[in-house]
Amino acid sequence: MVALFILGPLLALLVGLPIALSGWISWLDVGLAAFFYVLTAGGITIGFHRYFTHGSFRANKPARFALAIAGSLAVQGSVADWVADHRKHHSNSDQEGDPHSPWRYGTSTRDVARGFWHSHMGWLLADDLTDVQKYAPDLLKDPMIHRISRLFPLLVAATLLLPAIMGGLITMSWAGAFQALFWAGVVRLALVHQITWSINSICHITGKRPFKTRDHAGNVAWLAIPALGESWHNYHHADPTSARHGVLWSQIDPSAAAIRFMERRGWVSRVRWPSEDRVRSKLVDPDQPVRISGALLAADAEDAKESRNAPEPKQSQESSQPQ
Ligand SMILES: [Zn+2]
Ligand SMILES: [Zn+2]
């Protein structure tokens, strides 16, 4: 069953390209695919990853519900399963016990090629399951999360059928429904999968490592936009609870921007924005001349404005909470 949902969309992606070139795609399909891509990939990056796994911010009940649903629509397992795997990854990163390290078989080119496949997709097809009770007891206890997990099969159907219904209604045709099902349902799902898994494979094999970590996590710039900011993986492993992963100048982080948007509207709160001092303290070379991201400084400036009356406006309210 897992194999069907992993390999099925991939196959559709591979046959999709020649079909697209033959003209069997409309702007409506592209628009619907982009909408569902951002919704479901964002559900993973903002919801499953930064919020449920790492607690980078607090969310009110509707936001918590929406993030759990949006992440589930990416068809990467239920919230608790996903979080358990990812917390296990951080506790054993690139060591024995990491569910998806590309360094599992060794460091030779051949070993890393085998490791690439394992970290990208192979681990999902393996039988060894993560102990959810051990790694995500907080989510198992949550009745809302429990209910959403039970709805998982329905959400898998919804992620495919919603684009089809929208495509059908907008074009008022079965052909439009089928075309949207293919592009904005199946092919979009495959793209979300491939990009998420690239963080586990590519970002643990290659990339720049200006920050101190005890693993191989690297920053991979070309993946930043499709991965909605998750490919700044070197900083993420240096500071896992940070709500922003792209902390250096020009490092685009759309997920952080979305969290900022939700914070301004009061949907999320107590966001762990890293202070400039904190970012610098994570550098391998603290004297390295780096420019911290503009948006990050804007966040700092706003915090400073709020405490304008305090004698020391420069503040670092950062946290030492684990994970
Ligand atoms: Zn990682
Ligand atoms: Zn993480």
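Visitor: Two packed helices cross left-handed if the near one is turned anticlockwise from the far one by less than a right angle, and right-handed if clockwise. Which is it for α2 and α10?

Guide: The crossing of α2 and α10 is right-handed. One thing before we go on: this is a predicted model, in which local features need pLDDT of at least 70 and side-chain atom pairs count only at pLDDT 80 or more, while totals for chains, interfaces and linings use all residues. Residues are numbered from 1 along each chain as its sequence is written, with chains lettered from A and ligands numbered from 1 in the order in which they are written.

Visitor: Okay, so what is the average pLDDT of the chain?

Guide: The average is 89, and 90% of the residues score at least 70; pLDDT is the predictor's confidence in each residue, from 0 to 100.

Visitor: Where does the pLDDT drop below 50?

Guide: Over residues 307-323. Beyond near neighbours in sequence, that stretch has 24 contacts in the model, a contact being two C-beta atoms, placed from the backbone, within 7 Å.

Visitor: Back to that helix pair. At what angle do α2 and α10 pack?

Guide: About 35°, with the axes of α2 and α10 9 Å apart. Axes are lines fitted to C-alpha atoms, for helices over the stretch in contact, and angles run from 0 to 180 degrees between N-to-C directions. The helices themselves are DSSP runs of H or I with at least four residues (strands: E, at least two), numbered from the N terminus.

Visitor: And which residues meet there?

Guide: On the α2 side they include Leu28, Leu32, Phe36, Tyr37 and Ile44. Their counterparts in α10 include Ala180, Trp183, Val187, Leu191 and Ile195.

Visitor: Nice. Which residues touch the most other members of the largest nonpolar core?

Guide: Val79, Val83 and Ala180, in a core of 66 residues. Such a core is a set of buried Ala, Val, Leu, Ile, Met, Phe, Trp, Tyr and Cys residues joined through C-beta atoms within 7 Å. Among the helices that each supply at least two of its residues are α2 (27-53), α3 (61-72), α4 (79-91) and α10 (174-201).

Visitor: Where does the largest share of this core come from?

Guide: From α10, with 14 residues.

Visitor: What is Val83 in contact with?

Guide: Leaving aside neighbours within four places in sequence, Val83 contacts Phe48, Phe52, Thr53, Ala136 and Leu139.

Visitor: Phe48, then: buried or exposed?

Guide: Phe48, which lies in helix α2, counts as buried because 27 other C-beta atoms lie within 10 Å. The cut-offs are 20 or more such atoms for buried, 12 or fewer for exposed, and partly exposed in between, with C-beta atoms placed from the backbone. Not counting residues up to four places away in sequence, Phe48 touches Gly43, Thr53, Gly71, Val79, Trp82 and Val83.

Visitor: Anything similar in α10? Why is Phe182 called buried?

Guide: Phe182 sits in helix α10, and it is buried because it has 23 other C-beta atoms within 10 Å. With neighbours within four places in sequence set aside, Phe182 is in contact with Ala12 and Val187. Leu160 is 22 residues from Phe182 in sequence, and their C-alpha atoms are 8.4 Å apart.

Visitor: Switching to α3, how many residues does it have?

Guide: It has 12, and its first and last C-alpha are 17 Å apart, close to the expected 16 Å. The expected span is 1.5 Å times one less than the number of residues. Buried residues of α3 include Arg64, Leu67, Gly71 and Ser72.

Visitor: Any odd backbone angles? What is the phi of Asp94?

Guide: Near 60°, a positive value in a residue other than glycine. Most residues other than glycine have a negative phi. Asp94 is in the loop between α4 and α5 (109-125), and it is buried, since 20 other C-beta atoms lie within 10 Å. Met172 also has a positive phi, about 50°. It is placed in the loop between α9 and α10, and it is exposed, with 8 other C-beta atoms within 10 Å.

Visitor: Last one: where is Pro289?

Guide: Pro289 is in the loop between α13 (276-281) and α14 (294-306). It counts as exposed because it has 5 C-beta neighbours inside 10 Å. From Pro289 to Ala164 is 51 Å, C-alpha to C-alpha, with their positions 125 residues apart in sequence.
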